[in-house]
2 protein chains.
Amino acid sequence: MATAPSTRELAHPAREDIRLEGVLHALADPMRLSVVRDLAAADEELSCSQLVLPVTKSTTTHHFRVLRESGVIQQVYRGTAKMNGLRREDLDALFPELLDSVLAAASGQADRLGGS
Amino acid sequence: MATAPSTRELAHPAREDIRLEGVLHALADPMRLSVVRDLAAADEELSCSQLVLPVTKSTTTHHFRVLRESGVIQQVYRGTAKMNGLRREDLDALFPELLDSVLAAASGQADRLGGS
DNA sequence: CGGTTCGTACGATACCCATCGTAGTACGGC
DNA sequence: GCCGTACTACGATGGGTATCGTACGAACCG
């Protein structure tokens with residue numbers, strides 16, 4: 001055991017601690033924006049491994065941490081998997097329309113640049 | 001002559017070259033977000049020196065350049081002053097609601113944190 | 001022309017951060 | 001108990017960037 005805190009709980013910022021600059025910074029990265037788009041499209045919790053990114057797993061872990069610590073997503077362990085979900089209610093309460101307009105902007109830009 | 005191009009013209013990205021990640025990155029910085037809020041509130045062109053930031057002039061120049069190159073603001077010389085204006089039309093055309101929701105979010109957060 | 005004001009250019013510095021590789025921990029199944 | 005899977009932790013590395021100071025260029029005003 002030694003370390004063995006095995007806290008199996010993940011620290012999330014409270015709703016009122018979510019900062020706009022942090023959210024914008026989190027969404028400004030193409031990788032993270034892609035994750036958020038996938039989560040919004042799925043509309044249910046997805047495990048980290050279901051969200052395939054063109055980077056190594058360590059980097060993926062890093063991006064999920066940034067998203068969680070900025071308050072954009074919530075994460076919870078389910079067995080060995082870590083499930084990810086958007087914090088839609090919190091974000092909509094704090095910054096109405098923001099998430100939707102960013103998602104719409106991302107979709108529109110994807111269409112414009114070649115529907116990828 | 002040597003250097004002396006004195007182009008007095010500033011390079012701006014065309015509307016279709018404005019990228020969402022670039023805009024989000026530009027807005028994610030507190031200094032730059034503050035500038036954008038002031039420009040939106042003024043609703044007219046402001047000179048660089050009217051927008052006082054708690055940093056040196058060189059740093060201010062840097063932030064204005066980031067905002068211009070990301071497509072958030074337009075700049076034009078008028079005599080010795082350089083006037084700054086939001087590219088509202090371009091941004092609204094590309095990313096409807098985005099600018100407004102970010103501005104509203106910034107206002108809301110400012111109120112929540114102590115109306116500064 | 002000389003001075004003043006406004007903004008730029010350039011170099012330096014220090015920090016942040018996206019990425020990787022490797023080694024390790026947690027959980028479930030055999 | 002042992003192995004495989006899922007994710008993490010840590011250190012290294014390279015590039016980006018926010019900041020400063022100083023020196024410069026451009027325009028207006030006497």
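Which polar backbone atom is 3.3 Å from a phosphate oxygen of DNA strand C? Select B:Cys48: the backbone atom belongs to this residue. Keep in mind that this is a predicted model.

**Stop 1: DNA strand C**

Stay with strand C. Show the 26 residues around it. The nearest are A:Arg8, A:His62, A:His63, B:Thr61 and B:Lys82. Pick A:His63 from that group. One of its polar side-chain atoms lies 2.2 Å from a phosphate oxygen of DNA strand C. Now pick B:Thr61. Here a polar side-chain atom is 2.7 Å from a phosphate oxygen of the strand.

Next, color by element. In chain A, helix H2 (30-42) and helix H3 (57-69) each supply at least two residues of the surface near DNA strand C. In chain B, helix H3 (57-70) and strand E3 (81-86) do so. By class, this surface has six nonpolar, 14 polar and six charged residues. Look at the DNA side too. Of the strand C atoms within 4 Å of the protein, 75% belong to sugar or phosphate, and the rest to bases.

**Stop 2: DNA strand D**

Move to DNA strand D. It is surrounded by 26 residues. Select the closest: A:Lys82, B:Arg32, B:Thr56, B:His62 and B:His63. Then find A:Cys48, where a polar backbone atom is 3.4 Å from a phosphate oxygen of strand D. At A:Ser49, a polar backbone atom is 3.2 Å from a phosphate oxygen of the strand. In chain B, select B:Thr59. Its polar side-chain atom lies 2.9 Å from a phosphate oxygen of DNA strand D.

Which elements give two or more residues to the surface near DNA strand D? They are H3 and strand E3 (81-86) of chain A, with helix H2 (30-42) and H3 of chain B. The residues of this surface divide into six nonpolar, 14 polar and six charged.

**Stop 3: the core**

Hide the DNA. The largest nonpolar core has 60 residues. Those with the most contacts inside it are A:Val72, A:Phe95, B:Val72 and B:Phe95. Center on B:Val72. Among the residues it touches are B:Val23, B:Leu27, B:Val36, B:Leu67 and B:Leu91.

**Stop 4: two loops of chain A**

Select A:Asp43, in the loop between H2 and strand E1 (46-47) of chain A. Its phi is near 60 degrees, a positive value in a residue other than glycine. A:Asp43 is exposed, with a relative accessible area of 63%.

Finish at A:Glu97, in the loop between helix H4 (88-94) and helix H5 (98-114) of chain A. A:Glu97 is not a glycine, yet has a positive phi of about 75 degrees. Its relative accessible area is 47%, so A:Glu97 counts as partly exposed.

Note on methods
Residues numbered from 1 in each chain as written. Chains lettered and ligands numbered in written order. Predicted model: local features only at pLDDT ≥ 70, side-chain atom pairs only at ≥ 80, totals over all residues. Heavy atoms only, no water. Near = heavy atom within 4 Å. Polar contact = N/O pair within 3.5 Å; in protein donor to acceptor, adjacent residues only side chain to side chain. Helix = DSSP H or I, 4+ residues; strand = E, 2+ residues; numbered from the N terminus. Nonpolar A, V, L, I, M, F, W, Y, C, P; charged D, E, K, R; others polar. Core = buried A, V, L, I, M, F, W, Y, C linked by side-chain atoms within 4.5 Å. Buried < 20%, exposed > 50% of the residue type's maximum accessible area, 1.4 Å probe, protein only. Contact = heavy atoms within 4.5 Å. Lists of a residue's contacts leave out its neighbours within four places in sequence.
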